[in-house]
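Colleague: I am new to this structure and should be grateful for a guided introduction. May we proceed by question and answer?

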Amino acid sequence: MNEQEKDLEKAEQELFETIISMILYLNKNGIRLDAVREMIQEKVEDAFDQYPRLAEYCQWKNRGMQDEDP
């Protein structure tokens, strides 16, 4: 397994742990699982909707930082 695959596996595991932690927390605090699922789906869809704009901004910002002297 190369370094990129290891990084991807680690990121996937961290995402899973974050999601399961949120599910457990919300359900433990009285939110039904179906409502938690819907909430997570809405946030994921919103994130993908916002991604193009945010990615463009981040690339622009990073380009600007590369142009600066260290």
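Modeller: Certainly. Buried residues make up 4% of the 70 residues in the protein chain. Please keep in mind that this is a predicted model.

Colleague: How many helices and how many strands are there in the protein chain?

Modeller: Helix H1 covers residues 3–28. Helix H2 covers residues 33–67. The count for the protein chain is therefore zero strands and, as runs of at least four residues, two helices.

Colleague: What share of the area exposed by the protein chain do carbon and sulfur atoms supply?

Modeller: The protein chain exposes about 6900 Å². Of this area, the part supplied by carbon and sulfur atoms is 55%.

Colleague: Is Ile20 buried, partly exposed or exposed?

Modeller: Ile20 belongs to helix H1. Its relative accessibility is 33%. Buried would require under 20% and exposed over 50%, so Ile20 counts as partly exposed.

Colleague: Which residues form a nonpolar patch on the surface?

Modeller: A residue needs over 30% relative accessible area to enter a patch, and Ile20 has 33%. The patch has about 290 Å² of accessible area together. Its members are Phe16, Ile20 and Leu24.

Colleague: Which residues form the negative surface patch?

Modeller: One of its members, Asp46, is found in helix H2. Asp46 is partly exposed because its relative accessible area is 34%, and the threshold for a patch is over 30%. The negative patch is formed by Glu38, Glu42, Glu45, Asp46 and Asp49.

Colleague: Which residue forms a salt bridge with Asp34?

Modeller: A search of the whole structure finds one salt bridge. The closest N and O atoms of the pair are 3.0 Å apart, and the cut-off is 4 Å. Asp34 is partly exposed at 47% relative accessibility. Its partner, exposed with a relative accessible area of 56%, is Arg32.

Colleague: Where does Met1 lie, and is Met1 buried or exposed?

Modeller: Met1 lies in the segment before H1. Its relative accessibility is 62%. Since the limit for exposed is over 50%, Met1 counts as exposed.

Colleague: Which residues does Met1 touch, not counting residues up to four places away in sequence?

Modeller: A contact requires heavy atoms within 4.5 Å. With residues up to four places away in sequence left out, Met1 touches Lys6 and Glu9.

Key:
Residues numbered from 1 in each chain as written. Predicted model: local features only at pLDDT ≥ 70, side-chain atom pairs only at ≥ 80, totals over all residues. Heavy atoms only, no water. Patch = residues over 30% accessible without salt bridge, like charges linked within 9 Å, V, L, I, M, F, W, Y side chains within 5 Å. Areas by Shrake-Rupley, 256 points an atom, 1.4 Å probe, with all protein chains shown as cover. Salt bridge = Lys/Arg side-chain N within 4 Å of Asp/Glu carboxyl O. Buried < 20%, exposed > 50% of the residue type's maximum accessible area, 1.4 Å probe, protein only. Lys, Arg positive; Asp, Glu negative; His and termini not counted. Charge placed at Lys NZ, Arg CZ, Asp CG, Glu CD.
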